[in-house]
Structure formats: structure tokens, C-alpha cells
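Visitor: Pick one part of this model and take me through it slowly, please. I'd like the details and the cut-offs behind them.

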There are 2 protein chains.
Amino acid sequence: MQQTRLDTDRIRAARRVIDPVFLGTPLYRCEALEPGLGCAVSIKLETANPVRSFKGRGTEVVASLLAERGPRAVVCASAGNLGQALAWSGRGRGLDVTVVASRFATAAKLDRIRALGAGLELVDGDHELARERAAEIARYDGIRLVEDSLDIETCEGAATIGLELVEALEQAKPGEQAKQADLAETAEQAQTADLADPAPPFDAVLIALGGGAMATGVGHVLKALAPGVEVICVQPLGAPAMTRSWHERRVVTTDSTDTIADGVAGRHPIPAVLDDLLLVADDAVLVQEASIIAGMRMLLDHAGLVVEPSAALGIAAILEDRDRFAGRHVVTIVCGGNVDGDAYRRWVGAAPVPHKA
Amino acid sequence: MQQTRLDTDRIRAARRVIDPVFLGTPLYRCEALEPGLGCAVSIKLETANPVRSFKGRGTEVVASLLAERGPRAVVCASAGNLGQALAWSGRGRGLDVTVVASRFATAAKLDRIRALGAGLELVDGDHELARERAAEIARYDGIRLVEDSLDIETCEGAATIGLELVEALEQAKPGEQAKQADLAETAEQAQTADLADPAPPFDAVLIALGGGAMATGVGHVLKALAPGVEVICVQPLGAPAMTRSWHERRVVTTDSTDTIADGVAGRHPIPAVLDDLLLVADDAVLVQEASIIAGMRMLLDHAGLVVEPSAALGIAAILEDRDRFAGRHVVTIVCGGNVDGDAYRRWVGAAPVPHKA
């Protein structure tokens, strides 16, 4: 693999400064989802933590560096999850955190940012305007700007998900199972080692693609340590800038976005992040809004998970291309669960009307 | 502490035979819940695994012992979660699993038991009739009967939750934090160590009480290793047999149950389990159905968690006695998430009608 900006040793070091509450997240097969998808599906669950998204992994790295050395005031633009995570990580370290967001951002995310004690400035435009405004504040006030996906700490923090996936893969290796079977003292024990996991190890990981921190982070680790695993990025058709850029191998911007997946709705890919993505992604696909909603519903009905639209992109990708995944074992990273209750009920409520007994 | 039937060393050993997919579950503060409850609340999440309940911890111990030595056929009575977990653990080890359940059990649980390849026999009565029928099958067919809460493996498997809670407590100790502050090389680092967790360590654990496996298991470990933590069991008013038994210090049975919390709706407490519970529980409280539903709604709206009624008992207990918990830090074990979609929608759907924007 050609060199990305990321470094595997630094990613291992990052894991030592991240609060353990964000690490070692559940990874488990969800067989109840499988009849509807036609393949084995494992979930890597990034929502069971104090900020309900994977973003804490990155902000812990950012904030611990700042707490050690560097300015104690920091600003970021956010669709909501990065801001919430930076507010959490900053509060624990006495940092002064300002978040700039679109006034159209998910209200539940904005409420949590405020509750965590961060300053919140809303802009009358989309996420790209929030990015511009955050940069302006940083320049004007002379404080640190945290740029999601551009700042290497945000990528390397997210990349620790990749380390956990690779470790799970190593434990599930046929070689390892055979070794355990060899070590078994009885035929029964050998059989146990064989039967312990009826699914083959996973061979693809579906990653929500927005700015690219998670995709380049997890992708870097997989390509470095488990190159046989297919790295597939998934973005909404309504916010396709990074995916188009990946396919055309040059930055492609869009004038607008039209998706419920607020967490990945960027329009201006960052060139350095695209360069990394070109090195680590095997594919980048676009999915329709209806598939995202169907994915959210499946995760609710068959996995008992309340997820935000970005976290359903992986399931949406399987739904749109069953043949590609048929018979395989796929991991989907459920990356966030911050939703507005009303919007969420509208999305999943279009399911068959509850039967009143 | 007087001797329970449980053994802390055996519980540590149990952890080594349980599939890691059931271990090291998320434990995190959920601040979004706290304004509504008036105390710091941490969630111990036992639903992000292949069977969506804590029962896999116990069935892994049972099944690994059977796979090593003992009969390869096994039967249990179950309200659904034990059966699903035993089916999962047995499948991986080539065991022949039969589950007996009430035909009124949660359909989603029964569907999963069948999907996991176990034999399922339904009885035309409640869980106590299923228990009788399972014992009959075991006698008649000469196969192993797994009795939830009576079989020590089911208690000691569940008790591994307690080990994880105690470990978290030790990491959060003021002594530990001070040690980290002492080791800090700079004033900033010292401040970081102080500020890392703004909540005091937890001082109470709320445990759903049914047959008593989880309550005696977790309670045993807490009383042995963290005796200062209050162990509070919570049961529905509509299924109060074990709680009444605890208060009267003798087995009290009831003629019927009337609760949506199917996972804890027993009528005939097991004497040996009651004896253990008397040694490890600091209190046992009863809560109303309306509080259970309110707890489920709060966990959905503020924590993004779909939980079954039994898993909301802890929140229900706080709602019914805010003064008792005011200003404290409480852990509630979210023990299961298997619900029928329609019933769940009815329960949580009575929330304020979604506001259409």
C-alpha cells in the first residue's frame, strides 16, 4: 500500500489516550437481520457511549493533545456528532469548546452540545457555511480549529475501530480455530472449536462516507493489517461529492445536498482526505433515501437499534446490491444514534401500521 | 458476608469459558436521562450481542460444561431469553436443545429460539407450567434440565456482570485518580486526571428481579468485592413473589401474575435462590406498570435504546422514588431488548403524538 497520511503505530498510540468508554465496542453477528439481506451481517456498534457516535474516538485524541500542550480554546464545525464529542472530551479536560453548526442541524444533537457546556453558534446555511464560519472564528480569535477528516487525529481516532475489527478477525482465523482444535484434549472439544462460530470471518466492511475520517481511518488499518477485506464506502445519492470524487480521482463538489443523512452531507471534499481514500477504499457506492429508511427500519425491527440515517448506509448498500454480498459475511459500522424523536418516528413509522390487539 | 451458593473464584473462571461476544459490555453515563431522573445514571448494556440479553453469560457456562462432559441433550423452561441464549450456546457446541415456553410468550423470542435450531414446545399456561413440563421432559427422556437461577452456572454466568462493574469502580476510585494526578508531569495533566469524570463513582446498582440469577449473581460479587455499593432489586407489582419473599424472609408464592415484564413474571421462588438473595440484596422494591412503560419510553427517547419491559425496571424504580436517589450515581443493568414490534409500539407510542413539522 502507498503511504496515506495516517500511521499505524500512531493509531495504536491513540488508543492509549482515548477514554475506554469509547473503545472495545460490541461486534456481533445479527442473524435476525440476515434473512432480509441474504448474507451474514455483523454489527460494529458505536452508539453505546456517552455521545452516541464514534466521534469520541477522534475528539479524545484531539483533546488530550490540546490538554498536554497547545491552546485551551478550540472551535469546530459540526453536523452535530463531532461537536457533541468535542464538547464531551473538552469538558473533561477543562478546554473551552465552541461548535459552529447549521441551524438546520438535528435539534437533539444541538441540545446535547449545549448540555455539555460548549458554546454553540448557528449559521443560516448548510454544513459548508458552518465550516467557513468556524475557520473565521479560529483566525479571528486565534484559537485552535479542529477540522474533521483533515486533522489527522480525527482520522486516527476513528481508525481505532479498524484495530478492533482486525483483532476480531485474527481471533476468528481458521488457523486459530484449527490451533484450538489441535490443542483440544478430546474429540468433543475439537468439535466445539469447529462449531463455535458457524459464519466464516467477515470479508467486507461497509463504512459511512462523509468527510472521510472514518473511511480513511478504518480503511487504512484494514489495508495495512487485513488487506483481503474489502473496504466499501457508502454515501447517499443526495450527497455524493466524495463518492464522485473517488470515482473521478479528483475533487468534485456539488451545489447542494438532499438527504436525511445529516452526518455525511458535505459538498466540498478535502483534497488530502480524497488522496488517502483513493489508497484505501476498494469501492464507494451511492444509495437512495428509500434504502436508508428501509435500513433504519430493519435495524429497529430486527436488531433493536435506534440509529441515525448515516448509520443505516451499510444496510442500505446491501439492500441495493444483494447479489454482490450474497453468501458473504459483511460488517457494517453503526456509527451514530442521535436522532430527533419526531423525525425518527416519521421515518420508521411508515412501517406497517401496528396491529391493535 | 455469609456464604451464598456462589463462589467468586468460580465466577472468575466462568469468564474464561464465556464467548467474549457477551463480555465487557458497555458501561457508560447517560446524561440525557438525568434531568428526568435527578441523579447520575450509568447504563450497563446487555443487549448488544447475538441474543440481545444477558442470558448468554450463563448459558455459555452451562453449555461449555455439557460439551466437555455430560449429556449432549438439554431442556429448559424459558420466558424466551434463556431459551434463546441456550439455543445459541448449544448450537455452537453441537448440543441438542429443547425449550419449553408458554404459548403466551413474546413471539419475537419464540421465533429466535426456532431460528437458532432449538426444539420448542409450547404449553397452554404460564411460565410455571413451562417449568413443570421441562422437568417432566428431563425425567422422561433422561436429559439434562437447566433450571434458571437454581443451576449455579446461570447465577455465576450472570455474576460476571458484577466483576465488570467492580473493575469499573476500581478504575474510577478517587485513589486511582489521585495516583494518576501524582504521576502527571504537568499541572495540566494533573487537572486532566481530576476532571476526567465529573460524576462520583456509582453507589447503587438496580437489578431486575425475576428468578434471581442476575440479582444473586451480581449481588454476590458486589457484596464480596464492593460492599459499599447498594444492591437494589426491582420487580413489577404485578409479579411480586420473590420481592415479597425477600421481605418476609420465607417463600411467598402468588396465584397469578399481571405484568408486561414477561422476563421476570414468576410465581414460585426457589428456596435456595431466596436464601442467597437474602444475603446479598440491600433492598427489593416493586414498581407499577405505568412506571415500567415510562422507563421504556425514557430509554428510547433519551438513550436511543429499545429495551424490553424487564430492562426498564431500574429506571422505573428511580421514577417512583426520586428522593432516595437524588444526587447519587446509579447503575441500571439494561438486561434485555427482545420485544414484539407491535406491542413495543403500543407501549412507547402512547407518548405525546409526534409533532408534524
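**The second largest cavity**

Guide: Let's start with the walls: the lining of the second largest cavity splits into five nonpolar, four polar and four charged residues. Here Ala, Val, Leu, Ile, Met, Phe, Trp, Tyr, Cys and Pro are nonpolar, Asp, Glu, Lys and Arg charged, and the others, Gly among them, polar. Bear in mind that the model is predicted, so local features need pLDDT of at least 70 and side-chain atom pairs pLDDT 80 or more, while totals for chains, interfaces and linings use all residues. Residues count from 1 along each chain as written, chains are lettered from A and ligands numbered from 1 in written order, and side-chain values use heavy atoms, without hydrogens or water.

The volume of this second cavity is about 90 Å³ (the space filled by probe spheres on grid points joined across faces, edges and corners). Closest to its centre, out of 13 lining residues, are A:C30, A:A32, A:H302, B:P50 and B:R52. In chain A, strand 1 (27-29) and helix 12 (289-303) each give two or more residues to that lining.

For scale, the largest cavity holds about 180 Å³, and 21 residues line it, with A:G304, A:L305, B:L45, B:G304 and B:L305 nearest its centre. That lining has 13 nonpolar, six polar and two charged residues. The structure has six cavities of 30 Å³ or more.

A salt bridge of 2.6 Å, N to O, joins the side chains of A:R29 and A:E34. A:R29 counts as buried at 17% relative accessibility, and so does A:E34 at 12%.

Terms used: 1 Å grid on protein atoms, 1.4 Å probe; cavity = no way out; pocket = protein on both sides within 12 Å on 5 of 7 lines; lining within 4 Å. Helix = DSSP H or I, 4+ residues; strand = E, 2+ residues; numbered from the N terminus. Salt bridge = Lys/Arg side-chain N within 4 Å of Asp/Glu carboxyl O. Buried < 20%, exposed > 50% of the residue type's maximum accessible area, 1.4 Å probe, protein only.
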